[in-house]
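Let's take a friendly walk through this model, with the sequence and coordinates at hand. We begin with its charged pairs and then turn to strands, a helix and the overall picture.

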Amino acid sequence: MECPHLSSSVCIALDSAKFPNGSPSSWCCSVCRSNKSPWVCLTCSSVHCGRYVNGHAKKHYEDAQVPLTNHKKSEKQDKAQHTVCMDCSSYSTYCSAFTADRHRKRKLLENTSLNSKLLKVNGSTTAICATGLRNLGNTCFMNAILQSLSNIEQFCCYFKELPAVELRNGKTAGRRTYHTRSQGDNNVSLVEEFRKTLCALWQGSQTAFSPESLFYVVWKIMPNFRGYQQQDAHEFMRYLLDHLHLELQGGFNGVSRSALLQENSTLSASNKCCINGASTVVTAIFGGILQNEVNCLICGTESRKFDPFLDLSLDIPSQFRNKRSKNQENGPVCSLRDCLRSFTDLEELDETELYMCHKCKKKQKSTKKFWIQKLPKVLCLHLKRFHWTAYLRNKVDTYVEFPLRGLDMKCYLLEPENSGPESCLYDLAAVVVHHGSGVGSGHYTAYATHEGRWFHFNDSTVTLTEEDTVLKAKAYILFYVERQAKAGSDKL
């Protein structure tokens with residue numbers, strides 16, 4: 001879409017405006033004197049900071065929209081004033097009026113589409129309560145992960161039951177307030193914005209929710225994800241879980257949220273896995289423990305090490321890499337069991353990974369094997385679909401068969417005899433899928449089950465889907481939930 005203000009106004013403004021001295025990138029906001037993200041108004045040449053600093057450029061536009069009084073409005077005055085500004089670093093132009101008009105139209109479309117969120121079940125009409133997430137500019141990687149985590153009931157419920165963050169200063173003392181982009185860095189809370197996003201996703205009051213405030217916090221605390229380029233969904237998930245874990249350890253507003261974990265009887269101490277300090281809901285649900293065995297092939301010395309994990313990254317065996325669909329005839333279908341077996345099988349380390357043997361006192365050839373010492377409540381399996389070649393990062397587009405129910409992990413345990421018959425069975429809760437050919441391009445969507453029905457989450461669009469459709473997906477990340485009650489015995 002083309003903005004009508006930009007086509008003619010920019011050139012005129014650039015010719016007539018009197019800009020400040022110095023390089024544009026060195027200009028400062030006339031309100032707060034910040035030199036971060038300066039924007040210049042092409043109507044009056046005022047410089048203000050962008051929306052990811054204190055938002056004074058947006059406030060300048062809003063202040064200019066006060067209607068004129070005691071004057072007959074001319075056709076020129078009917079037009080919005082001070083609408084076009086320019087980024088002093090990239091020299092890109094932005095029209096506030098055009099964006100505001102798009103927001104109004106989008107809101108109107110949402111209100112008219114609420115009635116379409118209906119579904120016929122057993123002859124009766126019921127509402128689809130699922131809510132999509134708007135794409136803020138190549139943020140499908142974040143949306144797919146958020147939708148997946150929102151459908152892991154125990155994890156989601158913990159955050160939704162947390163009290164809202166209260167700011168205890170000035171006019172806001174004693175009141176619940178919500179983070180906006182105009183607030184300072186001291187008020188940034190990933191846990192709070194994550195909580196609010198999860199609360200919004202299953203209320204059913206809107207077709208799509210905009211996670212702007214959460215994305216703002218991500219920009220603040222995760223520099224790797226600043227900008228609007230495509231990112232890796234698995235990398236984002238790990239950063240998200242790690243930062244949630246760290247913030248929950250430290251508490252917020254003087255209240256330790258880890259204390260709430262100790263009060264939750266469903267997450268007993270025996271199920272906790274500590275990673276980088278005290279346990280939180282992140283490690284209590286996603287945390288497992290691996291035993292890493294390394295054997296020197298020269299003297300036979302065995303070294304054992306226990307490593308905590310939040311997810312397992314599995315290679316797709318090379319012999320299956322040409323099998324791109326389930327129905328393709330050339331060769332057998334790769335299964336999730338093949339990937340797990342490749343991860344846990346005995347492996348001889350190559351010359352670049354020689355083991356430092358303490359008995360031989362030098363690096364020697366060795367073998368390595370992984371055992372799972374403790375399984376997590378939610379088993380997150382990442383299929384390594386992207387790998388580096390000499391010049392670029394390629395995608396392994398192999399179809400991997402996976403079960404919806406009854407994934408049996410007993411044979412990968414270090415001590416399988418100590419686990420109960422049901423404690424090693426897992427049922428699928430969500431799947432993240434990457435569509436496209438490369439990590440820096442393409443699109444992410446997610447499938448997730450909620451109250452016995454499968455949904456497909458494609459940014460702001462949420463649709464019901466069938467189990468067969470889920471099973472045909474080329475999974476990138478799989479979330480399996482430990483089976484609690486006795487059920488069918490269909491196993492992988």
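## Salt bridges

In this predicted model, 15 salt bridges are found. One of them pairs Asp311 with Arg238, whose closest N and O atoms are 2.9 Å apart. This pair brings together distant parts of the chain: Asp311 sits in the loop between strand E10 (302–309) and strand E11 (312–314), while Arg238 belongs to helix H9 (residues 233–250), 73 residues apart. How exposed are the two partners? Asp311 is buried, at a relative accessible area of 7%, whereas Arg238 is partly exposed, at 26%.

Another salt bridge stays within one helix. Asp338 and Arg341 meet through their side chains at 3.1 Å, N to O, and both are part of helix H12 (residues 336–344), three residues apart, or about one turn of the helix. An α-helix has 3.6 residues a turn, so residues three or four places apart point the same way. Asp338 is buried, with a relative accessible area of 17%; that value falls under the 20% cut-off for burial. Its partner Arg341 is partly exposed, at 35%.

## A link across the sequence, and a network

Glu467 and Arg405 also form a salt bridge through their side chains, at 2.3 Å from N to O. Glu467 lies in helix H13 (residues 467–471) and Arg405 in the loop between strand E20 (400–401) and E21, so this salt bridge ties together parts that are 62 residues apart in sequence. Both ends are partly exposed: the relative accessible area is 29% for Glu467 and 37% for Arg405.

Some salt bridges share partners, and in this way Arg238, Asp242 and Asp311 are joined into one network.

## Strand E22 and its neighbours

Why is strand E22 (residues 425–435) described as largely enclosed by the rest of the structure? Nine of its eleven residues are buried, so the surroundings cover most of the strand.

Which strands pair with E22? Strand E21 (residues 407–408) runs antiparallel to E22 and is joined to it by two bridges, with Asp408 opposite Leu425. Strand E26 (residues 475–482) pairs with E22 in the antiparallel sense over seven bridges; here Val431 of E22 stands opposite Leu478. Strand E23 (residues 443–450) is antiparallel to E22 too, and six bridges connect them. In that pairing, Val433 of E22 faces Thr445 across the two strands.

## Helix H8 and its packing

Helix H8 (residues 212–221) offers a run of buried residues to look at: Leu214, Phe215, Tyr216, Val217, Val218 and Trp219. What do the buried residues of H8 pack against? Their contacts are with helix H5 (140–150), helix H7 (190–201) and H9. H9 is also the helix that holds Arg238, the salt-bridge partner of Asp311.

## The whole protein

Stepping back, the protein contains 13 helices and 26 strands. Of its 492 residues, 46% are buried. Among contacts between residues at least 6 apart in sequence, 65% join residues at least 24 apart.

The surface can be summed up as well: the protein exposes about 25400 Å², and carbon and sulfur atoms supply 50% of that area.

Key:
Residues are numbered from 1 along each chain as its sequence is written. This is a predicted model: local features need pLDDT of at least 70, side-chain atom pairs count only at pLDDT 80 or more; totals for chains, interfaces and linings use all residues. Side-chain values use heavy atoms; hydrogens and water are left out. Buried means under 20% relative accessible area, exposed over 50%, partly exposed in between (1.4 Å probe, protein chains only). Helices (H or I, at least four residues) and strands (E, at least two) are DSSP runs, numbered from the N terminus. Two strands pair if DSSP finds at least two bridges between them. A salt bridge is a side-chain nitrogen of Lys or Arg within 4 Å of a carboxyl oxygen of Asp or Glu. Contact means heavy atoms within 4.5 Å. Accessible areas come from the Shrake-Rupley method with a 1.4 Å probe; for residues, only the protein chains shown count as cover.
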